[in-house]
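Reader: Hi! I'm in my first year and would love a close look at a single part of this protein. Could you take me through the pocket lining and then show me how that part sits in the rest of the fold?

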Amino acid sequence: MTSPNLGDPAPDVSLPRDGGDTVSLSDFKGKNVVLYFYPRDDTSGCTKEALGFTETIGAFEDLNTVVLGVSKDPVKKHDKFVAKHDLKIALLSDEEGDVCERYGVWVEKAMYGKKYMGIERTTFLIDSNGKIAQIWRKVKVPGHVEAVLDAVRSL
């Protein structure tokens with residue numbers, strides 16, 4: 001499946017989140033959404049990214065923007081991650097990988113010469129009309145949250 005491109009309508013997402021509710025993109029009509037995909041709860045890069053979004057959540061909210069993190073970790077693991085780091089963002093569980101596939105972030109990766117399938121750290125900025133406004137692929141965590149916030153300010 002190919003991932004959405006700039007200007008495309010964002011594929012709807014409906015997934016369980018930390019705390020047990022289900023979240024759908026369609027719940028946020030009229031708001032901007034930062035939908036970021038990350039490999040795994042409680043690893044160093046993923047923790048830094050989640051803490052970065054948590055620290056700036058007020059600025060995103062002031063700009064009518066919701067931040068949603070997505071990984072294949074189960075809800076229980078998300079709950080532990082949120083509690084451990086006092087995260088203020090919603091973490092969605094895509095255990096089946098359907099949403100990762102639809103957004104084109106489930107890719108072949110390589111580490112130490114071994115190939116495996118995993119989530120490519122990717123962020124989609126979805127505007128208040130439900131269209132993809134910006135895409136960051138192969139995200140490097142340092143400076144990323146600030147770049148996303150700048151992009152939201154320019155919408």
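Author: Happy to! Let's start with the elements around the largest pocket: α1, β6 (106-111) and β7 (114-119) each give at least two residues to its lining. Please keep in mind that this is a predicted model.

Which element supplies the largest share of that lining? The answer is β6, with five residues. The space in the largest pocket comes to about 490 Å³. Its lining is made up of 21 residues, and those closest to the centre are P39, K109, Y116, I119 and E120. If you sort the lining by class, you find nine nonpolar and nine charged residues, together with three polar ones.

Now look at the two strands that we just met in the lining. β6 and β7 run antiparallel, and six bridges join them. One place to spot this pairing is W106, which stands opposite I119 in β7. You have seen I119 already, as one of the residues closest to the centre of the largest pocket. Between the two strands of this hairpin there are two residues, and Y112 has a positive phi near 50 degrees there. A general point helps here: the strands of a sheet pair through backbone hydrogen bonds, and they can do so in parallel or antiparallel fashion.

The other contributor I named is α1, so to speak our bridge to the next part of the fold. Helix α1 covers residues 44-55 and lies across β3 (32-37), β4 and β8 (122-126). Its direction makes an angle of about 165 degrees with β3.

Those three strands belong to an open sheet of five, in the order β5-β4-β3-β8-β9, with mixed pairing. At its edges are β5 (90-93) and β9 (132-136), each of which pairs on one side only. On average, neighbouring strands in this sheet are turned by 20 degrees against each other, with direction ignored.

Let's follow the sheet to its β5 edge. Strand β4 (residues 65-71) and β5 run parallel and are joined by four bridges. Within that pairing, G69 has L91 in β5 as its bridge partner. Across β4 and β5 lies another helix, α3 (residues 75-85), which runs at about 160 degrees to β5.

There is a second largest pocket to compare, with about 210 Å³ of space. Here 14 residues form the lining, and L25, S26, K29, N129 and G130 are the closest to the centre. By class, this lining has five nonpolar, five polar and four charged residues.

Finally, let's step back to the whole chain. How many helices and strands does the protein have? There are five helices and nine strands. Starting at the N terminus, their order is β-β-β-α-α-β-α-β-α-β-β-β-β-α. The C-alpha trace spans about 40 × 35 × 30 Å along the principal axes. For 155 residues, a compact globule would have a radius of gyration near 15 Å, so the protein's 14 Å agrees with that picture.

How values were computed: Residues numbered from 1 in each chain as written. Predicted model: local features only at pLDDT ≥ 70, side-chain atom pairs only at ≥ 80, totals over all residues. Heavy atoms only, no water. Pairing = 2+ DSSP bridges. Axes fitted to C-alpha atoms, helices over the stretch in contact; angles between N-to-C directions. Contact = heavy atoms within 4.5 Å. 1 Å grid on protein atoms, 1.4 Å probe; cavity = no way out; pocket = protein on both sides within 12 Å on 5 of 7 lines; lining within 4 Å. Points joined across faces, edges and corners; volume = space filled by probe spheres on them. Nonpolar A, V, L, I, M, F, W, Y, C, P; charged D, E, K, R; others polar. Rg over C-alpha atoms; globule rule 2.2 N^0.38 Å.
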